[in-house]
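Here are a few exercises on charged side chains. Grab the viewer, try each task yourself, then check your work against the solution.

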Amino acid sequence: SCTRTCTRRATVGLLPYDRIAAALCMGCGVSKTGTHDDSVTESEKESVALRLNFEAKEMEEAAKFDDARALYERALELMRVSKGESSVGYAVILSNMACLLRTETRYDEALQLFGEALVVIENSSDLTEDARYEMLETMRANALQTEAWQNEEELEILEFRATGHS
């Protein structure tokens with residue numbers, strides 16, 4: 001059964017959110033009784049995951065990084081149980097989480113998630129070639145920016161040490 005706290009937040013959403021939230025633990029896709037709840041469809045779980053991803057972006061933009069991270073984690077788990085780790089939705093949430101980690105200067109973790117997201121998009125049969133190209137270009141640009149920020153930070157540290165500081 002789930003070890004995370006279930007939440008029942010009222011959210012203006014894309015679906016009957018209250019019914020789903022009442023039945024589903026947002027942490028793992030398991031009902032509050034500890035069993036999988038068949039009354040919540042895979043499509044509804046996916047919709048909740050996308051809504052949580054949207055809310056996470058809002059929290060990130062408001063510099064509420066801990067809240068954003070928790071929402072991304074919940075969104076990833078719901079997308080995993082509804083569509084799988086090879087779904088485009090999962091890759092998009094991974095990429096968004098990677099952007100948050102980059103903002104928090106957790107560059108290695110961000111690059112890992114960008115890499116995972118890129119593999120999913122490269123192998124997806126659910127995208128048009130144009131959509132795949134656009135998503136790959138955006139994710140690659142974000143990964144390159146992350147590497148640049150990481151290199152810049154490392155250079156600043158080296159320059160600081162070179163001036164006699166420890």
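**Exercise 1.** In this predicted model, find out how far apart the closest N and O atoms of Glu137 and Arg140 are, and what kind of contact they form.

*Solution.* Start with the distance: the closest N and O atoms of Glu137 and Arg140 are 3.5 Å apart. The cut-off for a salt bridge is 4 Å between a side-chain nitrogen of Lys or Arg and a carboxyl oxygen of Asp or Glu, so the contact between Glu137 and Arg140 is a salt bridge. Next, look at where the partners sit: both are in helix α6, three residues apart, or about one turn of the helix. Last, check the cover. Glu137 has a relative accessible area of 36% and Arg140 has 35%, and partly exposed runs between 20% and 50%, so both residues are partly exposed.

**Exercise 2.** Which residues are joined with Glu104 and Arg106 into one network by salt bridges that share partners?

*Solution.* Follow the shared partners and you pick up Asp66, Arg69 and Glu109 alongside Glu104 and Arg106. Now zoom in on one link: Glu104 and Arg106 make a salt bridge, with 3.4 Å between the closest N and O atoms. Is each partner buried or partly exposed? Glu104 comes out at 18% relative accessible area, and buried means under 20%, so Glu104 is buried. Arg106, at 27%, is partly exposed.

**Exercise 3.** Out of the twelve salt bridges in the structure, take the one between Lys83 and Glu46 and work out which parts of the chain the pair links.

*Solution.* First, the contact itself: the two side chains meet at 3.9 Å, N to O. Then place each end. Lys83 belongs to the loop between α3 (65-82) and α4 (88-103), while Glu46 is in helix α2 (residues 42-61). With 37 residues separating them, the pair links distant parts of the chain. As for cover, Lys83 is partly exposed at 46% relative accessibility, and Glu46 is also partly exposed, at 22%.

**Exercise 4.** Which helix gives the most to the negative surface patch?

*Solution.* List the members first: Asp108, Glu152, Glu153, Glu154, Glu156 and Glu159. Helix α6 covers residues 129-162 and gives the most, with five residues. Glu159 is one of the patch members and lies in that helix. Why can Glu159 pass the accessibility test for a patch? A patch residue needs over 30% relative accessible area, and Glu159 has 46%, so Glu159 clears that bar while counting as partly exposed.

Notes. Residues are numbered from 1 along each chain as its sequence is written. This is a predicted model: local features need pLDDT of at least 70, side-chain atom pairs count only at pLDDT 80 or more; totals for chains, interfaces and linings use all residues. Side-chain values use heavy atoms; hydrogens and water are left out. Patches are made of residues with over 30% relative accessible area and no salt bridge: like charges are joined within 9 Å, nonpolar side chains (Val, Leu, Ile, Met, Phe, Trp, Tyr) within 5 Å. Accessible areas come from the Shrake-Rupley method with a 1.4 Å probe; for residues, only the protein chains shown count as cover. Lys and Arg count as positive and Asp and Glu as negative; His and the chain ends are not counted. The place of a charge is taken as NZ of Lys, CZ of Arg, CG of Asp or CD of Glu. Helices (H or I, at least four residues) and strands (E, at least two) are DSSP runs, numbered from the N terminus. Buried means under 20% relative accessible area, exposed over 50%, partly exposed in between (1.4 Å probe, protein chains only).
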